[in-house]
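The exercises below concern one molecular structure, shown next. Each task is followed by a worked solution.

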Amino acid sequence: MHDDHEAPRNAGGEVRSGRAETREERADRKWAELLQEVRVTQTGVQILFAFLLTVAFTPHFQSLGQVDRSIYVVTVLLGAAATGALIAPVSLHRIVTGRRLKPETVDWAARFTVAGLVLLLCTVASALLLILRVVVADATAAWLAGAALIWFVLCWFVPAVWLFHRSRRES
């Protein structure tokens, strides 16, 4: 273990490149980075969620079958859950600010953000399934939505997991 005021060291005791920052400085930096990430995802999920809420009021919605209506309900609920998880860091920070809990707040906010990303992934896949079922055959829609889901997982999570495990092996 290294002191928060020392440069981090690897297993051989050599100084590892990186920041020499206190726990509080690290929390401030991570919080600023997290806020930028959340701003991007919040905008996307809020636009998608707003669009989904309007769908039920379109003339074509009345002609949807029960399966499509069920997919719609699931999609709206996933969008609401994603919105809640991605707004949670703001609420959490506002409630505990000034209580010297920044590192813990950042950890919780990061968890909410990852949960929000997973829920956003599910929302997008579900919305694609619903839209594609209106445009192409049901089986084709399922395959296309599944392919999009795999693509999002490959883009959003696989590189991060790979980098995380690679860095753990190197340290």
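**Exercise 1. Which secondary structure fills residues 70-92, and how far apart are the end C-alpha atoms?**

Step 1. The span is 100% helix and 0% strand, where helices (H or I, at least four residues) and strands (E, at least two) are DSSP runs numbered from the N terminus.
Step 2. The end C-alpha atoms of residues 70-92 lie 32 Å apart.
Step 3. For residues 112-136 the corresponding values are 96% helix and 0% strand, with 35 Å between the end C-alpha atoms.
Step 4. Both spans appear in the UniProt record (unreviewed entry) under "transmembrane region", along with 38-58 and 142-164. UniProt positions follow the numbering used here, feature names are shortened, and annotations may be inferred rather than shown by experiment.

Basis for all exercises: the model is predicted, so local features need pLDDT of at least 70 and side-chain atom pairs pLDDT 80 or more, while totals for chains, interfaces and linings use all residues. Residues are numbered from 1 along each chain as its sequence is written, and side-chain values use heavy atoms, without hydrogens and water.

**Exercise 2. Describe the salt bridge of Lys 102 and the residues it joins.**

Step 1. A salt bridge requires a side-chain nitrogen of Lys or Arg within 4 Å of a carboxyl oxygen of Asp or Glu. The count by this rule is 8.
Step 2. Lys 102 pairs with Asp 28, with 2.8 Å between the closest N and O atoms.
Step 3. The partners are 74 residues apart and link distant parts of the chain, Lys 102 in helix H3 and Asp 28 in helix H1 (residues 23-55).
Step 4. Lys 102 has a relative accessible area of 26% and is therefore partly exposed, on a scale where buried means under 20%, exposed over 50% and partly exposed in between (1.4 Å probe, protein chains only).

**Exercise 3. Is Glu 21 buried or exposed, and what does Glu 21 pair with?**

Step 1. Glu 21 has 9% relative accessibility, so Glu 21 counts as buried.
Step 2. The salt-bridge partner is Arg 29, at 2.6 Å between the closest N and O atoms.
Step 3. Arg 29 is partly exposed at 23%.
Step 4. Glu 21 and Arg 29 belong to a salt-bridge network that also includes Arg 26 and Glu 33.

**Exercise 4. Compare the accessibility of the partners Asp 138 and Arg 133.**

Step 1. Their closest N and O atoms are 3.5 Å apart.
Step 2. Asp 138 is partly exposed at 43%.
Step 3. Arg 133 is buried, with a relative accessible area of 18%.
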